Amino acid sequence: MSVKSVAADVDVDLRQLFASLARNWLRILVVALVITGLAFALTWLATPHYRAETRLLIETRESVYTRPDGTNDNDKPILDEEGVTSQVEVVSSTDILKQVAQKLNLSRLPEFDETADMPMLSRLLVIAGLKSDPNEIPPEERVLTKMREKLNVYRVEKSRVIVIEFSSENPRLAAEIPNAIADAYISVQGNANIESNSAATDWLAPEIADLSKRVKDAEAKVASYRAQSDLLMGGNNSVLATQQLSELSSELSRVRANRASAEATADSVRRALQNGGSLDAVPEVLSSELIQRLRERQVELKTNIADLSTSLLDNHPRIRALRSQLADLDRQIRNEAEKIMKGLMTQAQTAQARENQLVADVNTLKAASARAGDQQVELDALQREATAQRQLLESYLTRYREASSRKDSNYLPVDARVFSRAVAPSEPYFPKILPITGAAFVGSLLVMAIVTLLQELFSGRAMRPAAGARFERIEQVAMPVAHEPSNHEPADIEDVEDRAAEAQAEPEAAAAAQATAAATGEDVERARPTLGEVEIDKAVENLITTGAARAIFVSPEGDEAAASSVLVAREVSDAGLRVLLLDLTASGAASRPMLDSGVFPGITNLLASEAQFSDVIHPDLYSDCHVIPVGTADPVRAMRAADRLPIIMQSLTTAYDLVVVECGPADAQGINRLVGEGTEVFLSLLEPNDEVAQAAVELIESGYPDLTLVTPVGYETPGTPVPGRRSAA
């Protein structure tokens, strides 16, 4: 499996890539062991930190035996999520932390106040102004800052449990401080309840005194108004006039009923007497004892008459006597009935008189009751006010007695309790030597493996031609044939400078020098003169020794002289440095022999913003060197962004050890944008002639006195080029 690179038309050789791990296993292992050793040493020397936690439960602490009368558990709301979160803030409040800090005297410990035992290095940094002086901060604030850094208070999700977590270098303090914070919180809440209770009693006492006076005044007003208005109270808590009116009304009804009954009875008796009817149908007549005895005597006489009639005639004296007695009994009965009728009439008249009197009394009481009703409304209002004041007073008295009893007994339960106290931890939570050391070893192995893979990837050794990739074949630049050196003494760069000076001073001398150079050129078949140029090996040695970052090659003789920059770049790359060749020639004379093609994107595409660095950097097919070819973009459009060349050069020198730039037959003004810190300028030549000499003179006069002449003549490329030896850009 391989990764396709469209820009370079190459693939990643995964076998070659991962084989680099096996080749560099010793370096990877050594670096990993060194990092692991450092991690072990740091964790071994690090100050251990211990952590402990205390847990609080927010709940109602009032019991059934101490709960105030008339209340229950449902009357007091339970804290919701926001309420418990608010208690978390109370636990970590400044007041509680100050109490704990003062109680445990934490300001004397260097862990909480660095001024207690400040190291000499810290003192020197403070004196030098590189560190703020901790003495400028109040001691209390310094201690609180350290405590907050080590304290963690949070609520357990979906519960009313608050966790107080604290870490310290001292395991004893790691347990004491959260316990002290929990105790301080309980104490603060208790004191808050005591203050609230005391405030309630202090407020209730004068209120009760004032309310007692108001109740007394209200009740006095009720009694006074009742006396003034003569609203005497009768039975059933009603006004006496109203009660009397009710009683008289009842009596009047009874009297009227008796009168009507007496009149009716008298009428019935009168009718019976007037019509000669029987008086037996009248209950009042029958109820008379005298009439009952007369009726008995009458029955007895009738019985005797009946008995005697069987033996005696009607005119018999005895029968006549008995009948005379019977008639007398009838008269007596009627007389007695008349008396009863007269009695009933008298009774009816008496009832009528009583009724008239009662009606007058009722009318009188009606007026009195109406007046009493109006007065009763006012009295009821006064009574309601007095009753309300009395009930409020009783309520205040009950609460005052409860609050006073709690205050005297100092019993005010807090709605929180500690159900898990912190204990001194036996093992530190930091540092964990084994996990940290193991993580350092694994991490360093992983990082070194990645670094090794990246080095292998960027070096080009893990790259191979992509399947189906085709490269345009071009002719290689012909290398000049070496000739035997002549007997002429080699001239160095000082001779060129002298010739330039003489050419400026005396035109005739310059013309003579040019004639001499021309004569020397004609004698090239016989002997090759020199201008002090060096060979490829010397140029490479010079670049490596001086540590140059940029090598600018100028080739006045055209494309064939560009071979010098190619050979130098390959030799330096073979020496182990990361090298990139930038081809700025018009024909791509330097990059074509390295890529076997001229269709790759290059510097013109980068300047025209058509590609990125990763798209224009390609591997040399025959060395570890990287190449940026001329490219395929419009040169005119690319040259409009020529001002970006210094930025591009700076980026390339940052990524590579050496950047070789082939400029072709450029002048001093043309290479100004490419020159920077650590730049070496080379003039590549094949044959010493006037053109080369003139180019050298112009470069020297333009500010490049350290110009080096280099020639590829006589250089033999070692070995046979092997396609496929390339690098990933």
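This report walks through a few local features of a predicted model, from the whole chain down to single residues.

## Ground rules

Since the model is predicted, local features need pLDDT of at least 70 and side-chain atom pairs count only at pLDDT 80 or more, while totals for chains, interfaces and linings use all residues. Numbering starts from 1 along each chain as its sequence is written, and side-chain values use heavy atoms, with hydrogens and water left out.

## The chain overall

The protein chain holds 22 helices and 14 strands. Here helices (H or I, at least four residues) and strands (E, at least two) are DSSP runs, numbered from the N terminus. Of its 729 residues, 38% count as buried. Buried means under 20% relative accessible area, exposed means over 50%, and partly exposed is in between (1.4 Å probe, protein chains only).

As for contacts (heavy atoms within 4.5 Å), take those between residues at least 6 apart in sequence: 82% of them join residues at least 24 apart.

## Helix 3 and its cover

Helix 3 runs over residues 81-91, and its buried residues are G83, V84, Q87, V88 and V91. These cover an arc of only 155 degrees around the axis, so they sit on the same side of helix 3. The arc is that of the directions from the helix axis to the C-beta atoms. Turn to the face away from that buried side and you find E82 and E89, both exposed.

What lies over the buried residues of helix 3 includes strand 3 (50-57), helix 4, strand 4 (151-155), strand 5 (161-168) and helix 7. Three of these names, helix 4, strand 3 and helix 7, come back below.

## Helix 4 against helix 6

Two packed helices are described by the angle between their axes and the distance between the axes. For helix 4 (residues 94-104) and helix 6 (residues 139-150), the axes come within 10 Å and cross at roughly 105 degrees. That crossing makes helix 4 roughly perpendicular to helix 6. On the conventions: axes are lines fitted to C-alpha atoms, for helices over the stretch in contact, and angles run from 0 to 180 degrees between N-to-C directions. Angles under 35 degrees count as roughly parallel, over 145 as roughly antiparallel, 65 to 115 as roughly perpendicular and the rest as oblique.

Helix 4 brings T94, L97, K98, V100, A101 and Q102 to the contact, and helix 6 brings E140, V143, L144, M147 and R148. By type, the residues of this contact split into 6 nonpolar, 2 polar and 3 charged. (Ala, Val, Leu, Ile, Met, Phe, Trp, Tyr, Cys and Pro count as nonpolar, Asp, Glu, Lys and Arg as charged, and the others, Gly among them, as polar.)

## The T54–N179 pair

T54 belongs to strand 3, and N179 to helix 7 (residues 171-228). Both are buried: T54 has a relative accessible area of 0%, and N179 comes in at 11%. Their side chains are joined by a polar contact of 2.7 Å. That term means a pair of N or O atoms within 3.5 Å; within protein, one must be able to donate a hydrogen and the other to accept it, and residues adjacent in sequence count only if both atoms are side-chain atoms.

Each side chain also reaches a backbone atom: T54 gets to the backbone nitrogen of A422 at 3.3 Å, and N179 to the backbone oxygen of A175 at 3.0 Å. Leaving out residues up to four places away in sequence, N179 touches T54, R421 and A422. With that cut, the neighbours of T54 include I162, V163, I164, P178, A182, V418 and S420.

## Helix 21, one face in

In helix 21 (residues 645-655), L645, I648, M649, L652 and T653 are buried. Looking down the axis, they fall within an arc of 130 degrees, so they line one face of the helix. I647 and T654 are exposed on the other side.

The buried residues pack against strand 8 (550-554), strand 9 (579-583), helix 18 (603-607), helix 19 (613-616), strand 11 (626-628) and strand 12 (658-662).

## Backbone oddities

Most residues other than glycine have a negative phi, and most peptide bonds are trans. F430 and P431, though, are joined by a cis peptide bond, with omega about -5 degrees. P431 is in the loop between strand 6 (417-420) and helix 12 (433-459).

D596 and S609 each have a positive phi near 60 degrees. D596 is in the loop between helix 17 (592-595) and helix 18, and S609 in the loop between helix 18 and helix 19. D596 is buried at 5% relative accessible area, whereas S609 is exposed at 58%.
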